[in-house]
Amino acid sequence: MLSSAQPQSSQPHAPVRESFGALADGTPVHRWILTDARGTSAAVLEYGAVLHTVHLPDPDGGTGEAVNVVLGHPDLDGYLAERPPFFGATIGRFGNRIADGRFTLDGRTHQVPLSDTPRANALHGGDQGFDARLWSAEPVEVVGGSGVELSLVSPDGDQGFPGTLRATVRYSLAEGRLRIDYRATTSAPTVVNLTNHSYLNLAGEGCDSVLDHELTLAAAGYLPVDQELRPLAGPPAPVAGTPFDFTAPRLLGERIHDEDGQLAIAGGYDHCWALEGGRTDAPRVVAVLRHPGSGRVLTLSTTEPGIQVYSGNGLDGSLTGPSGRGYGRYSGVALETQHFPDSPNRGDYPSTVLRPGEEYRSCTVYDFGVGGY
């Protein structure tokens, strides 16, 4: 393993491992610092396979201080004490909601603990999902940058899910581009839907709001939800003529306060958009997030068929980030690339079933830059 201070590699941007505290039983937890030739850096925690920070260099190419654009807790205690709001976490075994925590696979019904209080859903893998686990980590070489691969074994019956699942998440950083590759295999038929739950604020972590960010989505339809935030029956609804139309760049705050039943249910945006092209083998551009004030731009690519946009409606100022400033409502936006919510109960949705002999694969790329589209 690497030392706690210096990279043990001839690679100029090899990852650095440092201490980030310990669990209650004394097990150490480390943070891995990834860097690239452009001056971008990302920090990844072994606990929850969390994307802790992403620091972007001075957008003018000067010597100004790098800015962190990802929300998070300042120390390990925050992640141990606060499961929601899932800052930066790797979500599994199943991201988003499963209605009543129950699904039937091959004639057998499985129950996942309800964890979406006060709603009757299993949210993000049950009450002890992958975000609340200690992953093992190893460095990986990346041309012009650095990377780390984290591994986790989820035993048969874990949170009610069948099959022993062996999962890996690889973070690779180069040329201002952070790539996340997910892989998983199973010993028995199961359902899998992995994603990352980072909250982004391109103005900088701790800045007041993302309502001044422009968002573009390659999606002509979205999934309306009921009062339990479960998708309604039927196909995706057209976004045209609704506050959910981001087919052209629009400010997140432009229509978030409109009198719209769907916005009222969620207190803002907390919906899944059906991405054009569906599930793909290679990542394609599906979203652009831009902060006009700084000129920072995120171009998001994925292989996934959907993207859950969550506008941080539940943040209330009670949690404080590394900047020392509290996170109020709309302090960050999560762009969660994934399959559709409640897919195990919806035969009309792309399948999330994984069987022995198959490999689950998913990829999402965050490409950070400056300027236009």
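1. Start with the pairing between tryptophan 273 and isoleucine 307: the latter, in β25, is the bridge partner of the former. Keep in mind as you look at this spot that the model is predicted. The contact belongs to a longer run, as strand β22 (residues 270–274) and β25 are joined by 5 bridges and run antiparallel.

2. Now look across β25 to its other partner. Strand β26 (residues 333–338) is also joined to β25 by 5 bridges, again in the antiparallel sense. One pair to pick out here is glutamine 308, which stands opposite glutamate 336 in β26.

3. How much of β25 is buried? Strand β25 covers residues 306–310, and 5 of its 5 residues are buried. Gly306, Gln308 and Tyr310 point one way from the strand, while Ile307 and Val309 point the other way. Both sets are buried, so whichever way a residue of β25 points, it has under 20% relative accessible area.

4. Tyr310 is worth a second look, since the name comes up again at the largest pocket. Tyr310 is among the residues that lie nearest the centre of that pocket, together with Pro84, Arg97, Asp116 and Leu123. In total, 28 residues line the largest pocket, and the space inside comes to about 580 Å³. What classes of residue make up the lining? There are 12 nonpolar, 10 polar and 6 charged residues.

5. The second largest pocket has a volume of about 190 Å³. Its lining includes Val192, Arg279, Glu304, His339 and Ser351. Two strands, β27 (353–354) and β28 (360–370), each supply at least two residues of that lining. Val353 and Leu354 are among the lining residues, and so are Tyr360 and Arg361. By class, the count is 4 nonpolar, 3 polar and 5 charged residues.

6. β28 also leads us to an open sheet of 9 strands, whose order is β11-β12-β13-β14-β28-β24-β23-β18-β21. The pairing in this sheet is antiparallel. Which strands sit at the edges? They are β11 (136–142) and β21 (250–251), each of which pairs on one side only. As general background, strands of a sheet pair through backbone hydrogen bonds, either parallel or antiparallel.

7. Finally, follow the β11 edge inwards. β11 pairs with strand β12 (residues 145–154) over 7 bridges, in the antiparallel sense. If you'd like one pair to find on screen, try serine 136, whose bridge partner in β12 is serine 151.

Terms used: Residues numbered from 1 in each chain as written. Predicted model: local features only at pLDDT ≥ 70, side-chain atom pairs only at ≥ 80, totals over all residues. Heavy atoms only, no water. Pairing = 2+ DSSP bridges. Helix = DSSP H or I, 4+ residues; strand = E, 2+ residues; numbered from the N terminus. Buried < 20%, exposed > 50% of the residue type's maximum accessible area, 1.4 Å probe, protein only. 1 Å grid on protein atoms, 1.4 Å probe; cavity = no way out; pocket = protein on both sides within 12 Å on 5 of 7 lines; lining within 4 Å. Points joined across faces, edges and corners; volume = space filled by probe spheres on them. Nonpolar A, V, L, I, M, F, W, Y, C, P; charged D, E, K, R; others polar.
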